[in-house]
Amino acid sequence: MMEDLKPKALVLVAAAVGVISPTVAAQTSESGNFAQGRALYQTHCASCHGKNLEGQADWQIRLPNGRLPAPPHDRTGHTWHHPDEHLFRITKFGIVPPLAPEGYESDMPAFGDVLSDDEIWSALNFIKSTWPDRFQRRQQDVTRRAKKQ
Ligand code: HEC
């Protein structure tokens, strides 16, 4: 299981891989449009999650105000651990109950007033399309299992 990889090892992998080239990866879902998703990502997400989905520096360490920095959306983060529904809800509503405890403070904005549902899926599908095949398959399994519950 990929969770067994130590963060340090993941950082080294990320450095070795260098710049991600999303254009070579296949689209994972029928909804949304790849070019639109990439543009939406760059406009609305890249300022925090990184131009190359690398996240903010020291993203696992809380800021002085107790909040978490933006995690990477590439394979070194945990975005691919979560089902589609969860990623969609976070993007639309922010990190709020039931996905977070009541009163949880986060710098992740809610995009519900900014992006349509289709645009949110496009941005998420762009993110997913940058993952290596086996990460995409794992996330599809997680999504299928979450739907059954
Ligand atoms: C102002 C900075 C900022 C912007 C802009 C932003 N995010 Fe975030 N995002 C965050 C932070 C900070 C977190 C982690 C918050 C936490 O865990 O408390 C986060 C977390 C997330 C998560 C959860 C990841 C995980 O593994 O749990 C998703 C999904 C996400 N963001 C998607 C997006 C998408 C899609 C966009 C663009 C449409 C976006 N974010 C734009 C700051 C931002």
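Helices (H or I, at least four residues) and strands (E, at least two) are DSSP runs, numbered from the N terminus. On that basis, the chain I present today has 6 helices and 0 strands, and from the N terminus on its elements run α-α-α-α-α-α.

This is a predicted model: local features need pLDDT of at least 70, side-chain atom pairs count only at pLDDT 80 or more, and totals for chains, interfaces and linings use all residues. Residues are numbered from 1 along each chain as its sequence is written.

Of the 149 residues in the chain, 26% are buried, that is, 20 or more other C-beta atoms, placed from the backbone, lie within 10 Å of their own.

Let me turn to one helix pair. The axes of α4 (residues 84–93) and α5 (residues 117–129) come within 10 Å and cross at roughly 125°. Axes here are lines fitted to C-alpha atoms over the stretch in contact, with angles from 0 to 180 degrees between N-to-C directions. Angles under 35 degrees count as roughly parallel, over 145 as roughly antiparallel, 65 to 115 as roughly perpendicular and the rest as oblique; α4 and α5 are therefore oblique to each other.

Which residues in α4 meet α5? They are L87, F88, T91 and K92, and their partners in α5 are I120, W121 and L124.

Finally, the ligand. It is surrounded by 24 residues, each with its C-beta atom, placed from the backbone, within 6 Å of the molecule. The closest are C45, C48, A70, S106 and M108. The elements giving two or more residues to this shell are α3 (46–49), α4 and α5.

Conventions. Contact = placed C-beta atoms within 7 Å. Buried ≥ 20, exposed ≤ 12 C-beta atoms within 10 Å, placed from the backbone.
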